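Dear colleague,

Please find below the structure that I am handing over to you. My notes on its charged and polar side-chain pairs follow directly after it.

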Amino acid sequence: MKLQNSENMVVLGSFLGITAVVAASVLAIVSMYTQQPIRQAQEKNRQKAFHRLLLPDFDTVGRSVDAGGCSFTPVLQDGVICGYVGQSSSRGGYGGEIEALVGFDVRGRITAVQILRHKETPGLGANVCDRKFQRTVFNLRENAPEVPANAFLDQFSSRDSRSAGRWRISKDGGEFDYLTGATVTSRAVTGLVDRISAAFAGSGLGKSEGDKR
């Protein structure tokens, strides 16, 4: 028996509805089973990045606190805080969002900067963000360093967080060099490190220079 047009619409609508419900259920189940592994992988990458911030030796990571729109996580050795890791992100990158980690000693000086996540162009903006050991004929027998150098990121090392708040690249009248062809990325990373550092300085987490033990 041939179905009428109205009946065809009902059958088709029911079929599409059932298909949508099944698809949504499958996606929900997949999401439920993959969320935790994804979170665990992200946390593992974060912990690995912590150890590449040239902080004093630590054996424990404390509970994060928020300050100035950034997250700060203390690291401890034998129960005593020996440094902090600041974390935040910026959407000012050429390729979109950039997420950075900044290590601080207890005096508020930067130990190192690591870019945790970015979508910058390989060979251009990525050179601002990535720490990669380049093999050449002169270092074939050398072991790759735990924290490969990055001329741009290393400009921030040993800087006092209390001087932050006005850090800019030289093209904008500041004191930090930038990479030719990657001005937008250089500006975004500098602004992000500046914001994290200023937030740390204003948080009261670190010790003052007069607080020596």
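Asp-154 and Arg-131 form a salt bridge through their side chains, with an N to O distance of 2.9 Å. Both residues lie in the loop between helix 2 and helix 3, yet they are 23 residues apart, and the pair thus links distant parts of the chain. The two partners differ in their exposure: Asp-154 is partly exposed, at 32% relative accessibility, whereas Arg-131 is buried, at 11%. Please bear in mind that this is a predicted model.

The salt bridge just described belongs to a wider set, as the search of the whole structure finds 8 salt bridges. Two further ones involve Asp-160. One of these joins Asp-160 to Arg-109, where the closest N and O atoms are 4.0 Å apart. This pair also connects distant parts of the chain, with the two positions 51 residues apart in numbering: Asp-160 is in the loop between helix 2 (125–129) and helix 3 (183–203), while Arg-109 is in the loop between strand 5 (96–105) and strand 6 (110–117). Asp-160 has a relative accessibility of 12% and counts as buried because the limit for that class is under 20%. Arg-109, in contrast, is partly exposed, with a relative accessible area of 34%.

The other salt bridge of Asp-160 is made with Arg-162, and here the N to O distance is 2.8 Å. Arg-162 is exposed; its relative accessible area is 52%. In addition, Glu-97, Glu-99 and Arg-117 are joined into one network by salt bridges that share partners.

I would also draw your attention to His-118, which is located in the loop between strand 6 and helix 2. What does the side chain of His-118 reach at 3.0 Å? It reaches the backbone nitrogen of Glu-120. The side chain of His-118 is also joined to that of Asp-130 by a polar contact of 2.8 Å. In sequence, His-118 and Asp-130 are 12 residues apart, and their C-alpha atoms are separated by 9.2 Å in space.

Leaving aside residues up to four places away in sequence, His-118 touches Glu-97, Ile-98, Ala-126, Cys-129 and Asp-130. Glu-97 is thus a contact of His-118 and also a member of the salt-bridge network mentioned above. With a relative accessible area of 21%, His-118 is partly exposed.

With kind regards

Definitions and conventions: Residues are numbered from 1 along each chain as its sequence is written. This is a predicted model: local features need pLDDT of at least 70, side-chain atom pairs count only at pLDDT 80 or more; totals for chains, interfaces and linings use all residues. Side-chain values use heavy atoms; hydrogens and water are left out. Helices (H or I, at least four residues) and strands (E, at least two) are DSSP runs, numbered from the N terminus. Buried means under 20% relative accessible area, exposed over 50%, partly exposed in between (1.4 Å probe, protein chains only). Contact means heavy atoms within 4.5 Å. A polar contact is a pair of N or O atoms within 3.5 Å; within protein, one must be able to donate a hydrogen and the other to accept it, and residues adjacent in sequence count only if both atoms are side-chain atoms.
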